[in-house]
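Hi everyone, thanks for making time for this. I'd like to walk you through one structure, so let me put it up and we can go through it together.

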Amino acid sequence: MPLLAALRLLLTVLAIAAGGALPATAGTLRASLSDDLTTIDPFVFPGLVSSGVLRQVYEGFTAIDAAGNAVPALATRWETPDGGRTWRFALRPDVRFHSGRPFTAADVLWTWEHHLTRKPQPGYSAFYLRGIEGAAALQQGTATALSGVAIPNPHTLVVRLTEPDALFPLYPFLFVDRGMEAEFGPAWPERASGGTGPFRLASWRHGESVRLEAHAGYWNGAPAVDAVSLAVLPDTNTLLARYDAGQLDVAMLPENAVRTVVRQPRYDGQIAAFARAQVRYLALNQDQYPPFRDRRVREAVGLALDRAATVNGLHAGRAVLTNGFVTPGLGGYRPDAPPPPPFDAGRAKALLAEAGHAGGGGLPPLQIAGGPNVREEATYFAAQLTAVLGIPVGVRIQERAAFVAAINEGHEALFINGWTADFPDPMDQLATQWHSASPTNRSRWNDPDFDRLMERARGLADPDARDALYREAEALLREQAVAIPLPVPQFVALVRPGVTGVVIRPDGTTDFHAARLP
């Protein structure tokens with residue numbers, strides 16, 4: 001390695017290890033994050049903020065473009081000769097990791113095996129890998145390699161599945177440089193950047209900032225800016241003060257700030273809004289709160305909330321209200337689906353009385369849990385539930401990482417949750433939230449009929465046939481009142497005049513690859 005390149009790599013490693021930022025350059029785009037990262041480890045499910053950053057650093061077979069469509073990324077093509085039972089992937093031959101090492105099929109296999117064997121918990125993608133031949137044996141320790149993967153040559157991968165899976169190429173695999181662990185040890189994500197994306201991770205200062213530096217050897221062309229400096233600014237007043245002072249080029253608005261900002265004339269022409277491929281709902285954990293096991297109680301909660309009023313009242317019209325669990329923009333979304341049932345206090349009270357809880361009698365107090373972004377929404381809904389149903393309902397807002405940990409462990413009874421699509425198919429928003437085997441089924445709901453619908457849909461190559469099963473699955477979720485669908489807000493940002501090319505994809509990734517400074 002040339003001396004200059006080696007010195008630069010050493011400085012990057014030291015900066016990441018120390019949590020320090022590298023010096024700014026003239027080509028640095030200054031943007032914000034609405035919350036701190038929860039992790040920089042690509043094997044851990046990171047949440048929306050972290051994944052939006054990590055997807056600039058790591059890539060998979062496919063990506064989601066600005067319109068929400070799947071496009072080739074590290075795979076140039078894929079084919080199946082047998083209806084999704086076997087997949088053959090052709091990988092890009094000209095891709096290099098941030099370390100300079102070439103990306104090959106061996107890195108794909110290493111990444112997958114690491115997800116399946118990672119301790120103490122499997123990696124996030126293990127859920128999507130469970131259908132590969134030999135995955136179960138590898139996880140159980142009765143095998144040392146993933147037998148269902150063959151590598152005919154460095155840029156070809158053949159995958160054999162136990163059952164057909166028509167969606168396998170779309171899954172959110174983030175492939176990792178297999179040399180990282182050998183060079184830096186198991187804690188390598190804290191010390192080096194192991195992806196192929198347009199930016200490499202230069203530093204992360206917990207609670208303060210993240211710095212991304214352009215990957216000059218990126219297969220799709222080097223970014224137009226030298227670096228992106230991301231300041232962690234969850235407080236709206238601080239965020240706007242920094243933007244107004246000219247210290248930010250792009251300000252990502254927290255959801256609870258949109259209503260205030262879009263109504264201020266001084267920001268006219270600087271507001272950019274983007275569709276969000278998210279399903280959002282008020283989750284009801286029946287294990288944590290036994291009264292929720294009665295469907296009448298669950299339905300009463302939904303009828304006691306005036307969800308339509310929040311679209312303009314809390315979101316300033318920058319939100320979409322649906323009555324389902326598939327976001328607008330995905331194939332299974334039905335704009336002609338029945339609208340959400342209107343706010344009906346009388347019916348809600350009657351259902352609660354039928355369940356033996358007239359006036360909220362016998363119901364333990366509740367708290368609506370959530371991250372900082374839903375404080376106003378949670379407060380509004382808590383007040384409605386208390387007033388209509390007579391249940392003492394409070395609000396518990398937690399720092400994002402603590403909240404995600406609590407719902408992942410099933411500790412919250414009532415909470416506002418959202419899931420932004422990792423790949424452009426309704427399976428991502430249905431199975432991830434409600435399949436009994438999903439690691440992100442945070443309300444712990446379990447229904448064998450729903451699981452069977454998901455497994456059948458996964459094996460169907462015909463999108464129309466899959467869509468029919470998705471609609472049946474959504475109808476089951478609505479009929480069982482397993483959760484309360486909530487309005488889905490848009491992504492909204494302030495962009496300084498003259499800054500161009502900044503795009504927020506529907507999956508929540510702020511794409512800086514084409515960003516240009518004035």
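Let me start with a question: which strands does helix 13 lie across? Have a look at residues 400-408, which make up that helix. Helix 13 lies across strand 15 (366-370) and strand 17, and its direction is about 100° to strand 17. Before I go further, please keep in mind that this is a predicted model.

Now to the sheet behind that helix question. Strands 15 and 17 belong to an open sheet of 5 strands, ordered 16-15-17-13-18, with mixed pairing. At the edges we find strand 16 (393-397) and strand 18 (483-485); each has a single partner strand, so one side of each is left without a neighbour in the sheet. From one strand to the next, the twist averages 25°. Inside this sheet, strand 13 (residues 278-284) and strand 17 (residues 414-420) run antiparallel and are joined by 7 bridges. If you want a pair to click on, Leu284 stands opposite Leu414 in strand 17.

Let's move to the other sheet I wanted to show you. This one is open as well, with 4 strands in the order 4-5-7-6 and antiparallel pairing. Here the edges are held by strand 4 (75-79) and strand 6 (149-153), each with a single partner strand, so one side of each is left without a neighbour in the sheet. On average, neighbouring strands are turned by 20° against each other, if we ignore direction.

Let me follow the pairing along this sheet. Strand 5 (residues 86-91) pairs with strand 7 (residues 156-160) in the antiparallel sense, over 5 bridges. Within that pairing, Phe89 has Leu157 of strand 7 as its bridge partner. On to strand 6: 3 bridges join strand 6 to strand 7, again running antiparallel, and Ala150 stands opposite Val158 in strand 7. The link between strand 6 and strand 7 is a hairpin through 2 residues.

A helix belongs in this picture too. Helix 3 (residues 105-117) lies across strands 5, 6 and 7, and the helix runs at about 165° to strand 6.

Just after that helix comes something for those of you who check backbone geometry. Most residues other than glycine have a negative phi, and most peptide bonds are trans. With that in mind, the peptide bond from Lys119 to Pro120 is cis, with omega near 0°. Pro120 sits in the loop between helix 3 and helix 4 (126-129). The other backbone point is Arg444, a non-glycine residue with a positive phi, near 65°. You will find Arg444 in the loop between helix 14 (427-434) and helix 15 (448-458).

Now let's step back to the domains. The protein is divided into domain 1, covering 59-178, and domain 2, covering 278-489. Their centres, taken over C-alpha atoms, are separated by 32 Å. The contact takes 16 residues from domain 1 and 19 residues from domain 2.

How much area do the two domains bury between them? The answer is about 1400 Å², with 66% of it on carbon and sulfur atoms. On the domain 1 side, Phe127, Arg130 and Leu167 lose the most area to domain 2, together 35% of what that side buries.

What about charged and polar pairs at this interface? The rule finds 2 salt bridges across the interface of domain 1 and domain 2. It also finds 5 residue pairs in polar contact there, both residues at pLDDT 80 or more. Elsewhere in my notes I have the pair Arg458 and Asp165, which form a salt bridge with the closest N and O atoms 3.2 Å apart.

How many salt bridges does the rule count in total? The count comes to 27. One I like is between the side chains of Glu213 and Arg200, at 2.6 Å from N to O. Glu213 lies in strand 9 (residues 209-214) and Arg200 in strand 8 (residues 199-205), so this pair ties together parts that are 13 residues apart in sequence.

That's my tour, and I'm happy to go back to any of these views with you.

Methods
Residues numbered from 1 in each chain as written. Predicted model: local features only at pLDDT ≥ 70, side-chain atom pairs only at ≥ 80, totals over all residues. Heavy atoms only, no water. Pairing = 2+ DSSP bridges. Axes fitted to C-alpha atoms, helices over the stretch in contact; angles between N-to-C directions. Contact = heavy atoms within 4.5 Å. Domains from an automatic or database assignment. Buried area = accessible area lost by both parts, 1.4 Å probe. Salt bridge = Lys/Arg side-chain N within 4 Å of Asp/Glu carboxyl O. Polar contact = N/O pair within 3.5 Å; in protein donor to acceptor, adjacent residues only side chain to side chain.
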